[in-house]
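The following exercises introduce a protein model to a reader who has not met it before. Each task is followed by a solution in steps.

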Amino acid sequence: MQIFHQLEDFKDHKKPVILTIGNFDGVHLGHLAVLQRARTFARDNSQLTVLTFSNHPSEVLRPEQPVPLLCTLKHKIQLLQMHSLQALVLLPFTRYLANHSAASFIERVRQFIPFTHLILGHDATLGRDRQGNKSTMQQLALEWGFTVHYVDEYRYEGQPVSSTRIRGLIQQGELGQAETLLGRPYSIYSHVLPGLGKGKQIGFPTANLEVRGLCLPPFGVYAVEVRKDNQSFRGIANLGLAPTVREDRTPLLEVHLLSSHPDFYEEPIEVIFEGFIRPEKKFESLEDLRRQIKQDIEQVKNLEKPHSLLE
């Protein structure tokens, strides 16, 4: 899969392009339905291409209250890469872009990506003030010689599948239901950051992942699986503020692996949440924390159901 960071870089005009445009936050079952529909138009000599954004539009349109993301940018790229795309166009969403009308945005896209088919989700709107609704897009398609197709709303057991609904489930701790709608276990994929060394000091070194801006389940201790390349490791993680050892009020995911492992420092890893152990709490001393971690680890070792529901 080729990745382009600006429209001008897309220069392969020899193959017809099947294009879909959207946020694709979480790359959930609804998004996969859009990709599957796009794939039905693809032929051996065509390019299935996704145009999405490196930041969520809410960061520009509502900076005081941006949408909590279902996955990091690196995770979104990885998930899209798994679905047979030939090209990914990854644009920064800016105020300049937000001010484009639907017509001017599509005209600019077609200047560099001469697509023959445009596949959109059932509720997709493009351009300033959401002007690019279904009737507008159909008129543009008629005038400019491409076809536009809207994918029916994807439903599971009669209920719509959407990023908004999945965010609510994750925030409520309903990770089993979120997994069903995501089509994969809920996980966080990010780089390992340097820590304070307090975990190592008490005998439980951790790999630390920044989670700022992400949609998170309730703070607490979780059984986790850590994946790196083709390797998998069992672990225990604290999601939250770690109030016993930290004064920073920024949430952090701290993962301790139960077996020997390579050094993950500054490497991306995927942390899959398998079961809830207990809520986060502040301990009176590091020794109290050490005793509790030992108990938590024993509970993780005895956990039988992978991806168990948060209770």
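**Exercise 1: A residue in a short strand**

Gln-159 counts as partly exposed, at 43% relative accessibility. In this predicted model, local features need pLDDT of at least 70 and side-chain atom pairs count only at pLDDT 80 or more, while totals for chains, interfaces and linings use all residues. Residues are numbered from 1 along each chain as its sequence is written, and side-chain values use heavy atoms, with hydrogens and water left out.

Task. Determine in which strand Gln-159 is placed and with which residues Gln-159 is in contact, leaving aside its neighbours within four places in sequence.

Solution. Step 1: the class given above rests on a scale where buried means under 20% relative accessible area, exposed over 50%, and partly exposed in between (1.4 Å probe, protein chains only). Step 2: Gln-159 lies in strand S8, residues 159–160. Helices (H or I, at least four residues) and strands (E, at least two) are DSSP runs, numbered from the N terminus. Step 3: beyond the neighbours within four places, Gln-159 contacts Tyr-154 and Arg-165, where contact means heavy atoms within 4.5 Å.

**Exercise 2: Buried or exposed?**

Task. State whether Ile-21 is buried or exposed, and list what Ile-21 touches, not counting residues up to four places away in sequence.

Solution. Step 1: Ile-21 is found in strand S2, which covers residues 17–21. Step 2: its relative accessible area is 7%, so Ile-21 is buried. Step 3: with residues up to four places away not counted, Ile-21 touches Leu-51, Phe-105, Ile-106, Leu-118, Ile-119, Leu-120 and Leu-126. Step 4: Thr-49 is 28 residues from Ile-21 in sequence, and the two C-alpha atoms are 8.7 Å apart in space.

**Exercise 3: Strand S14 and its partners**

Task. Explain why S14 is described as largely enclosed by the rest of the structure, and describe how S9 and S11 pair with S14.

Solution. Step 1: strand S14 spans residues 268–279, and 10 of its 12 residues are buried, so the rest of the structure largely encloses S14. Step 2: strand S9 (residues 187–193) runs antiparallel to S14 and is joined to it by five bridges; two strands pair if DSSP finds at least two bridges between them. Step 3: strand S11 (residues 220–228) is also antiparallel to S14, over eight bridges. Step 4: Ile-272 in S14 stands opposite Ser-187 and opposite Glu-225, while Tyr-222 has Phe-276 in S14 as its bridge partner.

**Exercise 4: A hairpin**

Task. Identify how many residues separate S11 from S12 in their hairpin.

Solution. Step 1: S11 is largely enclosed by the rest of the structure, because eight of its nine residues are buried. Step 2: S11 pairs with strand S12 (residues 231–240) in the antiparallel sense over nine bridges, and Arg-227 stands opposite Ser-232 in S12. Step 3: two residues lie between S11 and S12, and Asp-229 in the turn has a positive phi of about 55 degrees.

**Exercise 5: Confidence**

Task. Find where pLDDT stays under 50.

Solution. Step 1: pLDDT is the predictor's confidence in each residue, from 0 to 100. Step 2: the protein has a mean pLDDT of 89, and 94% of its residues reach 70 or more. Step 3: pLDDT stays under 50 over residues 306–311, for which the model has 16 contacts beyond four places in sequence. Step 4: where pLDDT is low, the predicted coordinates should not be read in detail.
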